[in-house]
Amino acid sequence: MDIDRKGKWLPDTDSGTDNDEDRDNPKRMMIKSWLNRLFRIKMTDGRILIGYFVCTDADANVVLQATSEYTEVGGEERTLGLVMIPGRYIVSIEERNDASRFTW
């Protein structure tokens, strides 16, 4: 069947959940400022993950890239890469002082 016979395509009017008011939200701006910054996350099982912030969601899950895992302070490093940390396992989050930001 020819696509042209079905009629014209209508433009997509769905702009997602974003709107002008939401874009200027101070909390949203703060999270955007965290992008590609180095974070240290302590988990409930004692592990420490250090990586660059990629995103979060409504359940407080956090995604880090170029992540390393430490079993204790001063422990051996294990490279993980891209990880998603469930919010329910996060004890604390802190930004590491890193002069250079991660860029692709």
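**Figure 1. Surroundings of glutamate 69 in the predicted model**. Leaving out residues up to four places away in sequence, glutamate 69 touches Arg47, Ile48, Leu49, Glu76, Glu77, Arg78 and Leu80. The model shown here and in the following views is predicted. Glutamate 69 belongs to strand E3. Its relative accessible area is 5%, and the limit for a buried residue is under 20%, so glutamate 69 counts as buried. A polar contact of 2.9 Å connects the side chain of glutamate 69 with that of arginine 47.

**Figure 2. A network of salt bridges links Asp45, Arg47, Glu69 and Arg78**. The structure holds six salt bridges; this view follows those of the network. Arginine 47 pairs with aspartate 45, and their closest N and O atoms are 2.8 Å apart. Arginine 47 also forms a salt bridge with glutamate 69, where the closest N and O atoms are 2.9 Å apart. Because glutamate 69 lies in strand E3 and arginine 47 in the loop between E1 and strand E2 (48–56), this pair ties together parts that are 22 residues apart in sequence. Glutamate 69 meets arginine 78 in a further salt bridge, at 3.0 Å from N to O. How far are the members of the network exposed or buried? Aspartate 45 is partly exposed, at 48% relative accessibility. Arginine 47 is likewise partly exposed, with a relative accessible area of 30%. Glutamate 69 is buried, at 5%.

**Figure 3. Five strands form an open sheet with antiparallel pairing**. The strand order is E4-E3-E2-E1-E5. Which strands stand at the edges? They are E4 (77–85) and E5 (90–95); each has a single partner strand, so one side of each is left without a neighbour in the sheet. On average, neighbouring strands of the sheet are turned by 30° against each other, direction ignored.

**Figure 4. Strand E1 pairs with E5 and with E2**. Strand E1 covers residues 38–43 and runs antiparallel to E5, with five bridges joining the two. Arginine 40 has glutamate 94 of E5 as its bridge partner. Pairing between E1 and E2 is also antiparallel, over five bridges. Here isoleucine 41 stands opposite leucine 49 in E2. The hairpin of E1 and E2 has four residues between the strands, and in this hairpin glycine 46 takes a positive phi near 95°.

**Figure 5. Strands E2 and E3 run antiparallel and are joined by seven bridges**. Isoleucine 50 has serine 68 in E3 as its bridge partner. Five residues lie between the strands in the hairpin of E2 and E3. In this hairpin, alanine 60 has a positive phi near 65°.

**Figure 6. The largest nonpolar core has ten residues**. The members are Phe39, Ile41, Met43, Leu49, Phe53, Val62, Leu64, Val83, Ile85 and Ile90. E1, E2, E3 and E4 are the elements that give two or more residues to this core. The most comes from E1, with three residues. In soluble globular proteins, nonpolar side chains tend to be buried together.

**Figure 7. Surroundings of valine 62, a member of the largest nonpolar core**. Valine 62 is placed in strand E3, which covers residues 62–70. Is valine 62 buried or exposed? Its relative accessibility is 5%, and the limit for a buried residue is under 20%, so valine 62 counts as buried. Its contacts beyond four places in sequence are Ile41, Phe53, Cys55, Thr56, Val83, Met84, Ile85, Ile90 and Ile93. Isoleucine 93, one of these contacts, is 31 residues away from valine 62 along the chain, and the C-alpha atoms of the two are separated by 10.0 Å.

How values were computed:
Residues numbered from 1 in each chain as written. Predicted model: local features only at pLDDT ≥ 70, side-chain atom pairs only at ≥ 80, totals over all residues. Heavy atoms only, no water. Pairing = 2+ DSSP bridges. Axes fitted to C-alpha atoms, helices over the stretch in contact; angles between N-to-C directions. Buried < 20%, exposed > 50% of the residue type's maximum accessible area, 1.4 Å probe, protein only. Contact = heavy atoms within 4.5 Å. Salt bridge = Lys/Arg side-chain N within 4 Å of Asp/Glu carboxyl O. Core = buried A, V, L, I, M, F, W, Y, C linked by side-chain atoms within 4.5 Å. Polar contact = N/O pair within 3.5 Å; in protein donor to acceptor, adjacent residues only side chain to side chain.
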